[in-house]
Amino acid sequence: MTADDPIALIFDLDGTLIDSAPDIHAAVNLMLSRRDIPPLTLPTVTSFVGNGLPKLVERVMHATEMDPAEFKSVTSEVLADYDWVNGRMTRPYPGVVEALGTLRDMGHPMSICTNKPTDPALHILKKLDLAEFFHLLVGGDSLEVTKPRPEPLLAAIEGMDSTPDRALYIGDSEVDAETASAAGVRFALFTMGYRKSPIEEMPHDARFDDFSELVGIVGSDHQDTRTASGAAP
């Protein structure tokens, strides 16, 4: 990667660009309250985020000992509740808007690859004035498979008329790291998101905890991309 060559930048959404856990937490607890089930804590619900809505619902139901036969109806209910609260407490992480503006001015095309369903993802991007930065969005319901399968990330890259070797995926979780590895795409880890594992246990080419550092990562002309905190393993 050199500063003069456009790199296709693909971003995860929840836990990477936006802190959406408070709204997801609220939606889950709305569903639980209607069933007179005690609410779950924010850290608990946050730990369930990353593999898409169905997996989140499955984890919530397991944690609260709900009847698995209700899975379909509960999933629809949580989605409806999330559509209602989506954007009330969700905010971009500090420095995101500035970094996206700089990267756009540098000529790098950008897209989103998320396991969040497409409609809620588009809604929050528009509400937070982030949609203008992205060429396309591959959501959790765009294909028959979701991350960590590589197909969604590869579809985003193809949709940007790029190739895996000219792309960089930016995410925050084990799911994102596995997706990038499976797709053969370089991976930059945002360390302040929703990961569950120690940084050292997650394969990545670069890491950052402040979005001001991402511009330097993208513009680096070193093959072994580095951050202010040192070389990634």
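Author: In this account Ala, Val, Leu, Ile, Met, Phe, Trp, Tyr, Cys and Pro count as nonpolar, Asp, Glu, Lys and Arg as charged, and the others, Gly among them, as polar. The model is predicted. By those classes, the lining of the largest cavity has 9 nonpolar, 6 polar and 6 charged residues.

Reader: How many cavities are there, and how much space lies in the largest cavity?

Author: The count is 1 cavity of 30 Å³ or more. About 300 Å³ of space lies in the largest cavity, which is above that cut-off of 30 Å³.

Reader: What makes a space a cavity and not a pocket?

Author: In a cavity a 1.4 Å probe fits but cannot get out, whereas a pocket is an open set.

Reader: Which residues lie nearest the centre of the largest cavity, and what makes each of them nonpolar, polar or charged?

Author: Of the 21 residues that line the largest cavity, Asp14, Ile24, Val49, Gly52 and Lys116 lie nearest its centre. Asp and Lys are listed as charged, so Asp14 and Lys116 go there. Ile24 and Val49 are nonpolar because Ile and Val are on that list, and Gly52 counts as polar.

Reader: Which elements give two or more residues to that lining of the largest cavity?

Author: They are α3 and α4. The largest share, 3 residues, comes from α4.

Reader: How much space lies in the largest pocket, and which residues are closest to its centre?

Author: The largest pocket holds about 160 Å³ of space. It is lined by 13 residues, and Gly52, Leu53, Pro54, Asn115 and Gly140 are the closest to its centre. The lining of this pocket divides into 4 nonpolar, 6 polar and 3 charged residues.

Reader: Which helix gives the most to the lining of the largest pocket?

Author: α3 does, with 3 residues. Both α3 and α4 supply at least two residues each to the lining of the largest pocket.

Reader: At what angle do the axes of α3 and α4 cross?

Author: Helix α3 (residues 53–63) and helix α4 (residues 71–85) have axes that come within 10 Å and cross at roughly 115°.

Reader: Why is α3 called roughly perpendicular to α4?

Author: Angles of 65 to 115 degrees carry that name, and roughly 115° falls at the upper limit of the range, so α3 is roughly perpendicular to α4. The crossing is right-handed. On the α3 side the contact is made by Leu53, Pro54, Val57, Glu58 and Met61, and on the α4 side by Phe71, Val74, Thr75, Val78 and Leu79.

Reader: What makes this contact of α3 with α4 8 nonpolar, 1 polar and 1 charged?

Author: Glu is on the charged list, so Glu58 is the charged residue; Thr is on neither list, so Thr75 is the polar one.

Reader: At what angle do the axes of α5 and α9 cross?

Author: The axes of helix α5 (residues 96–105) and helix α9 (residues 212–219) come within 8 Å and cross at roughly 25°. Angles under 35 degrees count as roughly parallel, and α5 and α9 are therefore roughly parallel to each other. This crossing, too, is right-handed. Ala99, Thr102 and Leu103 of α5 make the contact with Leu214, Val215 and Val218 of α9. The contact has 5 nonpolar, 1 polar and no charged residues.

Reader: Where is Pro148, and what is the peptide bond from Lys147 to Pro148?

Author: Pro148 lies in the loop between β5 (137–138) and α7 (151–159). The bond from Lys147 is cis, with omega near 20°.

Methods: Residues are numbered from 1 along each chain as its sequence is written. This is a predicted model: local features need pLDDT of at least 70, side-chain atom pairs count only at pLDDT 80 or more; totals for chains, interfaces and linings use all residues. Side-chain values use heavy atoms; hydrogens and water are left out. Axes are lines fitted to C-alpha atoms, for helices over the stretch in contact, and angles run from 0 to 180 degrees between N-to-C directions. Helices (H or I, at least four residues) and strands (E, at least two) are DSSP runs, numbered from the N terminus. Angles under 35 degrees count as roughly parallel, over 145 as roughly antiparallel, 65 to 115 as roughly perpendicular and the rest as oblique. A crossing is left-handed if the near helix is turned anticlockwise from the far one by less than a right angle, and right-handed if clockwise. Contact means heavy atoms within 4.5 Å. On a 1 Å grid over the protein atoms alone, a cavity is a set of points where a 1.4 Å probe fits but cannot get out, and a pocket is an open set with protein on both sides within 12 Å along at least five of seven lines; lining residues have an atom within 4 Å of a point. Grid points are joined across faces, edges and corners, and a volume is the space filled by probe spheres set on the points.
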